[in-house]
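Okay, everyone, thanks for coming. I'll put the structure up and we'll just walk through it piece by piece.

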Amino acid sequence: MFINSNILVKSIFFSLLFLLNFQSINAKKLNFEKEVKIEKNSSYTFEIELKKEDYLIANFKADNDFKNFVLKNKKSQIRILKKQNQKYGTIHTIIPSSGKYLFEVITSSKDINFSFKIEKIIPKENQLKEEEKVSRPIISKILQKQKELLLKNNDTSNFWKMVKKKGTPLIEKVDFDKYIITFLYKGAKRNVRLLGAPEHTHPKLARLLNSDIWYISYIVPKKTRLSYQLAPDVPNIKATKREQKVAILATLQKDPLNKFPYITNKNSDKYNTSSSIIIDDKNTKDYSLEKSKNKGIVKNYSISSEILKNRRDIDIYTPYNFDKNKEFALLFVFDGKAYQSKIPTPTILDNLIYEKKIKQTVAIFIDNVANKRGIELPCNEDFAKFMATELYPFVIKKLNKKVKKENVILTGSSYGGLASMYVAFKYPDIFGNVLSQSGSFWWSKKDDKKTQWLTRQIKKEKRKNIKIYLNAGLFETGFKPIDILESNRHLKDVLISKKYQVFYEDFPSGHDYFNWRVRLANGLINLLN
């Protein structure tokens with residue numbers, strides 16, 4: 001392990017400063033900060049003393065990508081603190097036992113300037129007692145039978161043996177196109193929450209009598225496809241609604257009894273892995289799973305924007321045996337890092353091109369600037385201008401080839417879907433196609449009391465010469481009066497009334513990359529074939 005001596009002195013100073021104030025730690029903000037320069041291909045470790053069941057909230061940031069950031073004690077690794085390609089983020093974690101903890105930063109091929117700041121530590125004694133007992137209907141026949149057994153005998157060992165063999169969630173067929181799915185967790189102390197359910201909240205599981213069985217059930221249609229995680233013993237804190245909501249991140253993890261992990265990055269542990277479920281959907285092809293021999297190449301670049309006054313990474317994918325003298329498409333992808341990990345877009349393109357489902361396609365993955373996603377992507381005129389007058393010319397110059405607007409696509413999900421539609425609407429002579437996945441078309445400007453701002457602009461303005469693919473999940477409803485499902489259906493109707501060429505599909509899923517990775521291929525085939 002490499003530790004620069006000057007850094008070590010600074011680290012000891014900060015650690016001592018922290019330890020002197022350790023006894024007075026509470027839910028108030030702390031002043032523990034660390035800023036260090038760490039050399040490439042090395043590691044740097046700092047130490048903090050923490051107490052059992054402390055709820056730690058901290059931020060980190062680096063100016064270049066780095067290999068890993070992990071939390072350890074003297075015996076073992078506790079959890080990975082960063083995702084693949086992640087340069088900044090917020091950490092939420094529960095400390096398993098009292099003692100000294102090591103925070104280790106591991107660099108790769110570049111020096112980094114790294115900063116770390118503790119925002120809050122909420123000790124166990126400052127956390128609230130659990131709320132009232134949760135009650136859920138028992139619609140699963142398997143659980144109904146188990147409840148009857150529990151009334152006679154508290155032993156659940158045979159139940160868990162059966163569950164381990166079957167895998168979770170439990171799936172029971174109701175009729176031709178309906179199923180009961182039951183999510184389970186074994187042995188939590190206070191609560192269990194579910195992220196990725198067929199509803200917009202983070203619902204709590206109920207406890208079956210006084211046993212170690214925690215459960216929640218839903219009736220869903222066939223072809224349901226989703227990913228999810230479970231969060232046992234989420235800290236219950238006195239805070240804002242948002243802080244209470246994100247507390248789920250402290251313990252969120254894959255389902256230990258699910259047999260189909262959804263791994264989206266190289267920095268993988270149970271906290272950075274989801275679980276997945278696909279119900280009766282054998283005919284939907286997932287182009288992200290096959291590995292084509294003809295692999296394209298991804299190269300990293302950086303671009304400065306005079307318009308936005310910032311700088312960002314972009315990655316450019318060129319297909320195997322790319323021939324720019326033949327016709328090809330340009331695919332601009334928002335949330336570029338996620339669309340290379342949670343959705344392996346290069347693999348999808350490799351396979352679609354190899355099977356001749358689409359023409360050869362160059363993809364431009366656009367990274368987000370720290371804390372700017374929610375500002376730049378939702379119908380931002382400056383960002384649209386950056387796309388048309390700075391990024392697009394940058395790419396054309398790199399390729400040394402002009403591209404017909406009919407072969408240029410903008411794509412993204414959520415705010416990225418909204419941005420795709422907006423940028424094409426502003427610059428239809430450059431961007432001829434939109435591939436929007438679960439676009440946030442409910443959005444409106446802050447001073448606008450009505451919903452669906454962009455849809456209203458499209459309705460009242462002259463038709464633009466663009467082709468559009470839209471999708472939305474059947475479970476993307478209920479969070480807002482006009483939610484993603486409703487606003488996408490409304491936009492589809494408006495586009496059709498304006499004589500746009502539009503492809504639309506909805507499906508039994510939520511706001512979920514696990515589903516979007518399949519639908520991305522559908523959109524590309526519709527737009528490019």
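Gln452 is buried, with a relative accessible area of 9%. You'll find Gln452 in the loop between β22, residues 433-437, and α10. And have a look at the backbone there: phi of Gln452 is near 60°, a positive value in a residue other than glycine. Bear in mind that what's on the screen is a predicted model.

That phi is worth a pause, because most residues other than glycine have a negative phi, and most peptide bonds are trans. Where else do we see a positive phi in a residue that is not a glycine? At Asp233, with a phi of about 55°. Asp233 is in a loop too, the one between β14 (225-232) and α4 (241-246). Asp233 has 17% relative accessibility, so Asp233 counts as buried.

While we're on backbone oddities, there's a cis peptide bond as well. That one joins Thr168 and Pro169, with omega at about -5°. Pro169 is in the loop between α3 and β9; we'll get to that neighbourhood in a minute.

Back to α10 for now. Which residues of α10 are buried? Trp453, Leu454, Thr455, Gln457 and Ile458. Those buried residues of α10 pack against α9 and α11, the latter being residues 484-497.

Let's take the α9 side of that. Helix α9 covers residues 415-426 and helix α10 covers 453-460, and their axes come within 11 Å and cross at roughly 30°. That makes α9 roughly parallel to α10, and the handedness of the crossing is left-handed. Who's making the contact? From α9 we have Leu418, Met421, Tyr422 and Phe425, and from α10 we have Trp453, Leu454, Gln457 and Ile458. Sort the residues of that contact by class and you get seven nonpolar, one polar and no charged.

Now a second helix pair, α6 with α12. Helix α6 is residues 345-354, helix α12 is residues 513-528, and the axes come within 11 Å, crossing at roughly 45°. α6 and α12 are therefore oblique to each other. The crossing of α6 and α12 is right-handed, where the crossing of α9 and α10 was left-handed. On the α6 side, the residues in the contact are Thr345, Ile348, Leu349 and Leu352, and they meet Arg517, Leu520, Ala521, Leu524 and Ile525 of α12. What's the class breakdown for the contact of α6 with α12? Seven nonpolar, one polar and one charged.

One more residue while we're in α6: Thr347 sits in that helix. Thr347 counts as buried, at 17% relative accessibility. And what does Thr347 touch, leaving out residues up to four places away in sequence? That would be Tyr287, Ser288, Glu290 and Lys291.

Right, on to the sheets. Here's an open one with four strands, in the order β9-β10-β13-β12, and the pairing is antiparallel. The edge strands are β9 (170-175) and β12 (206-207), and each pairs on one side only. If you zoom in on β9, it pairs with β10, residues 178-186, in the antiparallel sense over five bridges. Glu172 stands opposite Ile180 in β10. Then there's a helix on this sheet: α3, residues 157-166, packs there and touches β9, β10 and β13 (213-221). The direction of α3 makes about 120° with that of β10. And remember the loop with Pro169: it's the one between this α3 and β9.

Last stop, another open sheet of four strands, this time ordered β1-β8-β3-β6, again with antiparallel pairing. β1 (33-38) and β6 (88-94) are at the edges with a single partner strand each, so one side of each is left without a neighbour in the sheet. How are neighbouring strands of this sheet turned against each other? By 20° on average, direction ignored. So what is β6 holding on to? Its pairing with β3, residues 55-62, is antiparallel and runs over seven bridges. If you want a register to check on screen, take Phe60: its bridge partner in β6 is Gly89.

That's my tour. Shall we rotate it and take questions?

Key:
Residues are numbered from 1 along each chain as its sequence is written. This is a predicted model: local features need pLDDT of at least 70, side-chain atom pairs count only at pLDDT 80 or more; totals for chains, interfaces and linings use all residues. Side-chain values use heavy atoms; hydrogens and water are left out. Axes are lines fitted to C-alpha atoms, for helices over the stretch in contact, and angles run from 0 to 180 degrees between N-to-C directions. Helices (H or I, at least four residues) and strands (E, at least two) are DSSP runs, numbered from the N terminus. Angles under 35 degrees count as roughly parallel, over 145 as roughly antiparallel, 65 to 115 as roughly perpendicular and the rest as oblique. A crossing is left-handed if the near helix is turned anticlockwise from the far one by less than a right angle, and right-handed if clockwise. Contact means heavy atoms within 4.5 Å. Ala, Val, Leu, Ile, Met, Phe, Trp, Tyr, Cys and Pro count as nonpolar, Asp, Glu, Lys and Arg as charged, and the others, Gly among them, as polar. Two strands pair if DSSP finds at least two bridges between them. Buried means under 20% relative accessible area, exposed over 50%, partly exposed in between (1.4 Å probe, protein chains only).
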